[in-house]
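Colleague: I'm new to this structure and would love a friendly tour. Could you show me how to read its features one by one?

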Amino acid sequence: MFISSPEYADAIGELIDAYKEVAPNVTINYETTQNDYPTMLKAKLNSGEVPDIFASTSGKEIDVYKEWSYDMTNEPLAQTIDPSVAEMMKSPEDGSGLYGIAIKGNFFGMLYNKEIFEESGVTKAPETMAELEDACAKISAAGYKPFSTGFSEWWVFKHVFQHYLDAAAANAGTDAASLVASFEKGEAKVSDYPELYDNFFRLIDLAVQYGDDKPLETGLENEEAAFANGEAAMILGQGAWVEADLLAINPDLQIGFSGYPVSDDAAQCQVISGSDQAIHVYKDSAVLQPTLDFVNWWYTSDYGKSWFVDVAGVVPPITTDAESEFTIINQGKELAAEKGSAALACCYSTDSWNQTMGELFQAYIAGTADKDATCAAIEEQWQAIDGAN
Amino acid sequence: MRSVKWKEGLETVLFTLPAILLVTVMMYIPFFMSGYYSLTEWNGIAKEPVFNGLDNFRAILSGGSEYMGAVWFTVKYTIGFVVFTNIAALALAVALTQKFRFVNVFRGIFFIPYIMSMTIVGFIWKFIFTQGFAKLYDLTGWAFWNESWLGSPKLAFYSVVFVGIWQALGFYIVLYIAGLQAVPADVLEAATVDGAGRCQRFFKVTLPLLGPSFTTCIFMSLTNSLKVFDIILALTKGGPGGATYSATLQIYKDAFTNNRYGLGSAESILYFVFVLVVTQLVLKLFSSREVDL
């Protein structure tokens, strides 16, 4: 078992210990790494030391690793896996299969500081572009920084962009996966989608205008610090995973969670749920059956099911009623129940493209490329990087 | 007589065998393997690479790719690094061969950055550029400290070059000090007797005799800067907006992040040829100008 996500090493250690009691004859060698997981995995695959359980991102990368992965559609765990997670484990190429499971589900959206909002006279999270501009003006008049952005991290952009992509697809009468596909074929133009061409760029402009002094030097840790210390009212590109960090800095922080204002329609301001990571089972493994037994036990046994909330403290990737102690997860669940949740569209693309896209927007923020040049580069590179495979 | 020779030959072979074996396994075999992969389309994951002839090379040389931008960045970095490292190292070496108190302490201070890991140096400077400079701006109010040294594409280049030089300087100082101490005192004395001043002595006697040091230092700084990788990874990760990708970082990105192992191999082969030609030319040029006593 060789997977990424070292932050859950202790929890997985407990899981493995618990499984020892169920199946005393099975020994699980668990290995994880902080850095550069994909490169190390490639080295293992090519040297013939294929791990029985390995990880990748979900969505597009499912196809990349398909010839190594076991299709778990007919396994018992397929009954308990959360549908929004299972959706991301299909092979995008043939739209079926269950090639992975996840350690956690996730929520993506905008985080805001309830106290700053109240003090500035903003009564609710902005749901339309106009409300966002209004909120920015009020917050900045009250002496706070409206945004901290983390724009030096490339993945911040993919987390925000997917919300706008979902809205663009919905308003064009299609779904995000097809829209991504037509960008990959070089058919779609950014300027045809006002949610991207106008609203997304408007958000970036606002975030730069009302945000950090040196946006391209601000990383995740600066973003978290500014938000937790009550300097910034909203942070972009984050989700359920930052809550523990934020509360470690400031235990009294009042976190609000919401979707992004993507258009003039408040109903489209949705959070995103799903899993961005996939854990595969090696299909030609010498110990395939014991491996499947283990993952089935993980997803279907009582201990396994309660493990997600009680031990790992994550959004359960299975259908369960267990309550979480994290406010982002609870608010996310409520919002998803109330307004629905949007697709985890960043996983329809490879991280190669997502990273390039982040760099293109960084260049836009740095002023080395204007809006139209950025759009042209997006159209060209999206096709070049993701179109071929 | 003959058996002694045979024995010596056997010894030579035996002693070099481990090194040859390791170099072959770690360098030559991978080199030829990437030669093969450069002719394929392969993502590093699929079980069988697909042979596609010279397509990768054509894609790179037809221009417009980020690779050429990265090579150009590396060339600029190299020029800045070689010129400033050598001038600064020589100047400091001259200063540090004078006789004054604490001279050894100073030598030590300049050498310390070189024994630190590049990654650590990168993180230290990242901290200085972001937090340290912000503090200095609060104290002094000078606009210089408030520039976005890692966040603006133009300034990030200078920051990267600066940190690269800062880190490597100690090593070249040591090489130049060794060279300076090898300049024979009698020649310098003779020059003094002939009426040469300090400046004349330095430029007409010391400098020409430093030829071998120059060749070594320039060759080393050239190859090291053409291979620059870790310092950029730690400081900027190639950002902002892809402005500081060096050739090696770009090859890594294409091969591993972008899952285009074939293309990355082709890029590295081309880069290998480029580095080979450049270093050989420079080496020839400088060794031909060395003077002997």
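Colleague: How far apart do the C-alpha centres of domain 1 and domain 2 of chain B lie?

Modeller: Keep in mind that this is a predicted model. In it, 35 Å separates the C-alpha centres of the two domains of chain B. By the domain assignment, domain 1 of chain B covers 1-27, while domain 2 of chain B covers 38-288.

Colleague: And how do I read the radius of gyration of chain B?

Modeller: Set it beside the value for a compact globule. For 293 residues, such a globule would have a radius near 19 Å, whereas chain B has 24 Å. The C-alpha trace of chain B spans about 80 × 75 × 30 Å along its principal axes.

Colleague: What secondary structure does chain B have, and what share of its residues is buried?

Modeller: Chain B has 13 helices and two strands. Of its 293 residues, 33% count as buried. You can look at contacts too: of those in chain B that link residues at least 6 apart in sequence, 73% are between residues at least 24 apart.

Colleague: Now the interface. How many residues of each chain are in contact?

Modeller: In general, the size of an interface is often given as accessible area lost when the parts come together. Here we can count residues: 21 from chain A are in contact with 19 from chain B.

Colleague: Which helices of chain A supply at least two residues each to that side?

Modeller: They are α2 (37-46) and α16 (351-366) of chain A. The largest share, six residues, comes from α16(A). Sorted by class, the side of chain A that touches chain B has nine nonpolar, seven polar and five charged residues.

Note on methods
Residues numbered from 1 in each chain as written. Chains lettered and ligands numbered in written order. Predicted model: local features only at pLDDT ≥ 70, side-chain atom pairs only at ≥ 80, totals over all residues. Domains from an automatic or database assignment. Contact = placed C-beta atoms within 7 Å. Helix = DSSP H or I, 4+ residues; strand = E, 2+ residues; numbered from the N terminus. Nonpolar A, V, L, I, M, F, W, Y, C, P; charged D, E, K, R; others polar. Rg over C-alpha atoms; globule rule 2.2 N^0.38 Å. Buried ≥ 20, exposed ≤ 12 C-beta atoms within 10 Å, placed from the backbone.
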